[in-house]
Amino acid sequence: MNSSKRNILITGGAGFIGSHVIRLFVNKYPDYQIFNLDALTYAGNLENIKDIEDASNYHFLKADITDADKIKTLFQKYKFDSVIHLAAESHVDRSISNPKIFVETNVTGTLNLMEAALEIWKENLEDKLFYHISTDEVYGTLGETGLFTETTSYAPNSPYSASKAASDHFVRAYGETYNLPYVISNCSNNYGPNQFPEKLIPLFINNIIENKSLPVYGDGKYTRDWLYVLDHARAIDLVFHKGKNKSTYNIGGFNEWQNIDLIRLLCSIMDKKLNRNEGASEALITFIKDRPGHDKRYAIDASKINKELGWDPSVTFEEGLLKTVEWYLKNPKWIAAVISGSYKEYYKKQYL
Ligand code: NAD
Ligand code: TYD
């Protein structure tokens with residue numbers, strides 16, 4: 001992507017990762033017009049980007065990517081020349097209890113965006129780009145050793161990862177069949193400010209604040225590779241501008257933690273921050289029934305993006321976790337606002 005003026009559609013910009021990407025692009029590239037398209041589902045919260053909503057290069061479009069006609073109309077009207085596609089249903093547990101919406105949003109929604117893009121780009125594909133943001137969960141699970149590389153076979157185990165794998169395949173197929181210019185990146189678990197408190201780290205921070213139990217699935221010996229969300233946003237910036245057409249990039253933190261070790265570290269940080277006795281938060285740990293199809297271990301080999309684009313994670317886990325805890329402690333109103341009644345009902349029913 002070389003030209004200095006662009007009309008960029010970013011989908012899912014009111015969500016966790018999308019909000020950080022939107023902020024980075026709006027502030028760093030005043031010549032770009034940034035369009036944030038989001039349906040504002042339970043996970044979308046415009047508070048996340050309140051600080052940039054008045055910027056002259058920022059525009060919000062409330063729309064659902066499953067609505068093909070509306071998406072086409074918006075492409076015709078605003079003539080986007082590139083897309084950074086983050087909008088998705090993103091939580092594994094929700095995909096287990098309600099898989100269908102994952103197909104509708106993650107697969108059909110992605111198709112709708114590509115169809116609308118091709119309709120207006122077909123005459124001239126030069127300087128156009130469809131950038132699909134995906135996950136390392138498409139690769140399934142690792143054993144004790146080894147890392148996911150860009151050539152690892154896809155073997156998704158949850159309805160969430162199956163829907164993301166399907167959308168990755170469709171993007172690649174549109175590249176081969178219709179010559180859609182695309183890049184895909186597959187990233188490991190993100191954490192940081194503005195993450196909805198259904199994912200492990202923000203859920204447990206909130207439960208510790210509220211003195212509620214910490215529901216650890218199975219024996220807690222599951223491994224994830226954690227990356228601070230701003231490092232992911234920096235990687236997305238690089239892949240968008242310098243990634244090779246029709247290629248994929250793995251993004252990860254080289255930062256593997258077994259859940260139980262991460263939870264113990266989080267508990268000790270929270271005890272200190274809340275001036276509670278050492279061990280007070282750990283006492284809240286409750287081992288519960290395992291998640292069905294629970295992937296044992298994820299770990300990313302991020303050497304391709306490092307060598308080709310010069311990206312490295314810049315925030316250590318200790319720094320990132322501390323910043324994250326401090327952000328949630330400073331923003332009780334944000335937490336209260338996103339935890340709606342219906343969310344609580346859902347959560348209670350499923351796991352507590
Ligand atoms: P999120 O759940 O916090 O946000 C998703 C956003 O998409 C929300 O703003 C929501 O309103 C919007 N959205 C959902 N359905 C929509 C629809 N039908 N039409 C329009 N907008 C809709 O998700 P996130 O954690 O920020 O993840 C963003 C992307 O990054 C997803 O594609 C996800 O698969 C991918 N990803 C996430 C992680 C992670 O650790 N969170 C890691 C790797 C990749
Ligand atoms: P999660 O944040 O849901 O991300 P993902 O499933 O996409 O990796 O979960 C991270 C890990 O934490 C995963 O191994 C499941 C586990 N986990 C729990 O043990 N308890 C919980 O309440 C949650 C939400 C997750």
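Visitor: What makes the pair formed by the side chain of Tyr-160 and an oxygen atom of ligand 1 a polar contact?

Guide: In this predicted model, an N or O atom in the side chain of Tyr-160 lies 2.7 Å from an oxygen atom of ligand 1. A polar contact is a pair of N or O atoms within 3.5 Å (within protein, one atom must be able to donate a hydrogen and the other to accept it, and residues adjacent in sequence count only if both atoms are side-chain atoms), so the pair qualifies. Asp-38 brings a polar side-chain atom to 2.5 Å from an oxygen atom of the ligand, and Thr-41 contributes a polar backbone atom at 3.0 Å from an oxygen atom of ligand 1.

Visitor: How do you know how much of ligand 1 the protein buries?

Guide: Two values settle it: ligand 1 taken alone exposes 840 Å², and the protein buries 96% of that. Such accessible areas come from the Shrake-Rupley method with a 1.4 Å probe, and for residues only the protein chains shown count as cover.

Visitor: Before we go on, what conventions apply here?

Guide: Residues are numbered from 1 along each chain as its sequence is written, while chains are lettered from A and ligands numbered from 1 in the order in which they are written. As the model is predicted, local features need pLDDT of at least 70 and side-chain atom pairs count only at pLDDT 80 or more, whereas totals for chains, interfaces and linings use all residues, and side-chain values use heavy atoms, with hydrogens and water left out.

Visitor: What makes a residue part of the surroundings of ligand 1, and which come nearest?

Guide: A residue counts as near if one of its heavy atoms lies within 4 Å of the molecule or strand in question. There are 28 residues around ligand 1, and those that come nearest are Ile-17, Asp-38, Ser-90, Tyr-160 and Lys-164. At least two residues of this shell come from each of helix H1 (16–28), strand S5 (129–135), helix H5 (159–178) and strand S7 (189–191), and the largest share, three residues, is supplied by S5. These elements are DSSP runs numbered from the N terminus (helices: H or I, at least four residues; strands: E, at least two).

Visitor: How is the shell around ligand 1 divided by class?

Guide: It has 14 nonpolar, eleven polar and three charged residues, where Ala, Val, Leu, Ile, Met, Phe, Trp, Tyr, Cys and Pro count as nonpolar, Asp, Glu, Lys and Arg as charged, and the others, Gly among them, as polar.

Visitor: Which residues are closest to ligand 2, and what polar contacts does the ligand have?

Guide: Of the 19 residues that surround ligand 2, the closest are Glu-137, Pro-215, Arg-224, Arg-291 and His-294. A backbone N or O atom of Pro-215 is 2.7 Å from a nitrogen atom of the ligand, an N or O atom in the side chain of Asn-259 is 2.9 Å from an oxygen atom of ligand 2, and a polar side-chain atom of His-294 is 2.7 Å from an oxygen atom of ligand 2. Ligand 2 exposes 510 Å² when taken alone, and the protein buries 98% of that. Helix H6 (200–209) and strand S8 (214–217) are the elements that give two or more residues to its shell, which divides by class into ten nonpolar, four polar and five charged residues.

Visitor: Why is Asn-112 called buried or exposed?

Guide: Buried means under 20% relative accessible area, exposed over 50%, and partly exposed in between (1.4 Å probe, protein chains only). Asn-112, which sits in helix H4 (residues 100–121), has 12% relative accessibility and therefore counts as buried. A polar atom of its side chain lies 2.8 Å from the backbone oxygen of Ile-65.

Visitor: How do Tyr-222 and Asp-127 fall against those limits?

Guide: Tyr-222, in the loop between S8 and strand S9 (223–228), has 9% relative accessibility and so counts as buried; its C-alpha is 5.3 Å from that of Gln-258, although the two are 36 residues apart in sequence. Asp-127, in the loop between H4 and S5, has 32% and therefore counts as partly exposed. Asp-127 also has a positive phi of about 60° although it is not a glycine.

Visitor: What makes the protein as compact as a globular protein of its length?

Guide: The protein has twelve helices and twelve strands. Its radius of gyration is 20 Å, close to the 20 Å that the globule rule gives for 352 residues, so it is as compact as a globular protein of that length. The radius is taken over C-alpha atoms, and the rule is 2.2 Å times the number of residues to the power 0.38. Buried residues make up 55% of the 352.
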